[in-house]
Amino acid sequence: MSKKEKILLKAAIAFALMFAVTPAVNAMHIMEGYLPVKYCIAWGAICVPFLVTGLISLKKRVKENRKSIMLIAMAGAFIFVISSLKIPSVTGSCSHMTGTGLGAILFGPAAVSVLGIIVLLFQAILLAHGGLTTLGANTFSMAIAGPLLSFGIYQLCKKMNVNRKISVFLAAFLGDIFTYCVTSIQLALAYPSEAGGVAASAVKFLGVFAPTQLPLAVIEGILTVIIVIGLEAYAKPELKAIGFLKEAK
Amino acid sequence: MSKNTKTVIILLIVAVLIAIVPLFAKKGAEFGGSDDAGSVMIEEIQGEYTPWFTPVLETALGGELPGEVESLIFCLQTGIGVGIIAFVMGRFVERKKWQNKTE
């Protein structure tokens with residue numbers, strides 16, 4: 001690679017990273033101005049340690065092996081694409097997926113939080129989707145809680161020797177669903193219903209999001225499996241470098 | 001066709017079906033965003049609710065983003081993402097070809 005190409009590649013990757021983070025924000029986000037101030041601040045504060053850990057882990061990855069930049073860009077771009085697709089669902093409304101599963105499986109939940117907040121910022125500023133005041137809450141549900149569960153599920157499946165494709169599917173699928181569960185709980189905490197308090201309210205919000213999100217989560221799982229198949233076929237050295245694949249087949 | 005190719009094709013078909021079937025199964029449905037459904041629910045629980053903050057963009061524009069422009073920005077987001085994935089994948093695929101040749 002010539003120097004020029006290297007610079008171009010770096011620029012492309014930087015661009016990808018920028019955008020990769022943005023798509024994650026699309027997943028059913030809490031709308032701008034719909035969360036009381038104290039909750040906005042609290043959720044934002046919770047996110048900070050995750051983001052810092054994420055930045056450090058990404059930096060370490062790249063330092064260890066420059067090749068992993070390609071995969072980081074890939075994971076980011078995947079979130080970008082997936083979170084931009086609004087898909088009709090059985091309930092007669094549209095929603096979009098999170099796309100954070102891939103990054104969580106490859107790089108762990110902390111790294112994804114960084115990618116996710118980029119996407120969320122993009123959408124909040126350019127699309128008025130989600131919002132700046134609710135950024136903390138949305139980051140927590142989409143870029144921290146969801147990926148955390150995806151990562152956990154994947155590690156669990158790995159320990160139990162579940163087929164890799166199935167574990168990838170489960171991780172992405174459950175991570176997507178969990179994101180929406182957390183969103184419901186966040187909304188319920190801010191808006192407890194008069195009759196049953198937080199729990200009743202959470203059930204209500206879940207009732208809105210869950211049926212819509214279920215089929216989409218299946219699609220997200222499928223797409224994540226497809227991209228993992230593709231990466232396994234063509235990017236073995238990189239996957240080994242980040243420790244996703246252990247030994248050569 | 002290799003086993004992987006077959007799996008990928010089947011998975012793609014399933015994904016597309018899941019996405020398209022509701023359109024036909026629920027003719028005439030609105031297919032609005034579920035985010036909006038969320039705000040409706042808040043009003044149901046809380047009564048009237050006025051958001052205390054308007055999106056920066058809407059303040060700047062003095063109104064909502066026009067639908068066509070919104071889809072433009074969404075397309076832009078998708079396009080950028082797909083472009084990066086295609087670029088990186090293309091590099092990987094080509095590299096594998098070369099590796100096979102030199103081996």
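**Helix packing and the nonpolar core of chain A**

Chain A contains nine helices and two strands, and I should say at the outset that what we are looking at is a predicted model. If we follow chain A from its N terminus, the elements come in the order α-α-α-β-β-α-α-α-α-α-α. Of the 249 residues in chain A, 61% are buried, and among the contacts between residues at least 6 apart in sequence, 79% join residues at least 24 apart.

Let me turn to two helix pairs, bearing in mind that two packed helices are described by the angle between their axes and the distance between the axes.

The pair I will take to begin with is H7(A), residues 164–190, and H8(A), residues 197–234, whose axes lie 7 Å apart and make an angle of about 155°. Because angles over 145 degrees count as roughly antiparallel, H7(A) is roughly antiparallel to H8(A). The crossing of these two helices, H7(A) and H8(A), is right-handed, and their contact is made up, by class, of 23 nonpolar, six polar and three charged residues.

The other pair is H2(A), residues 37–64, with H6(A), residues 135–159; here the axes come within 6 Å and cross at roughly 45°, and that angle makes H2(A) oblique to H6(A). The crossing of H2(A) past H6(A) is left-handed. On the H2(A) side the residues involved include A:Tyr39, A:Trp43 and A:Phe50, and they belong to a contact whose H6(A) side includes A:Leu135, A:Phe140 and A:Ile144. By class, the contact of H2(A) with H6(A) divides into 10 nonpolar residues, three polar and no charged.

That brings me to the core. How many residues does the largest nonpolar core have, and which of them have the most contacts inside it? This core has 92 residues, and those with the most contacts inside it are A:Met74, A:Ala75 and A:Phe78. At least two residues each are supplied by H2, H3 (68–84), H4 (100–107), H5 (109–126), H6, H7 and H8 of chain A, together with helix H4 (67–102) of chain B. The element that gives the most to this core is H8(A), with 15 residues.

Finally, a closer look at one core residue: leaving aside residues up to four places away in sequence, A:Phe78 touches A:Gly99, A:Leu102 and A:Ile227, and also B:Ile85 from chain B.

How values were computed:
Residues are numbered from 1 along each chain as its sequence is written. Chains are lettered from A and ligands numbered from 1 in the order in which they are written. This is a predicted model: local features need pLDDT of at least 70, side-chain atom pairs count only at pLDDT 80 or more; totals for chains, interfaces and linings use all residues. Axes are lines fitted to C-alpha atoms, for helices over the stretch in contact, and angles run from 0 to 180 degrees between N-to-C directions. Helices (H or I, at least four residues) and strands (E, at least two) are DSSP runs, numbered from the N terminus. Angles under 35 degrees count as roughly parallel, over 145 as roughly antiparallel, 65 to 115 as roughly perpendicular and the rest as oblique. A crossing is left-handed if the near helix is turned anticlockwise from the far one by less than a right angle, and right-handed if clockwise. Ala, Val, Leu, Ile, Met, Phe, Trp, Tyr, Cys and Pro count as nonpolar, Asp, Glu, Lys and Arg as charged, and the others, Gly among them, as polar. A residue is buried if 20 or more other C-beta atoms lie within 10 Å of its own, exposed if 12 or fewer, and partly exposed in between; C-beta atoms are placed from the backbone. Two residues are in contact if their C-beta atoms, placed from the backbone, lie within 7 Å. A nonpolar core is a set of buried Ala, Val, Leu, Ile, Met, Phe, Trp, Tyr and Cys residues joined through C-beta atoms within 7 Å.
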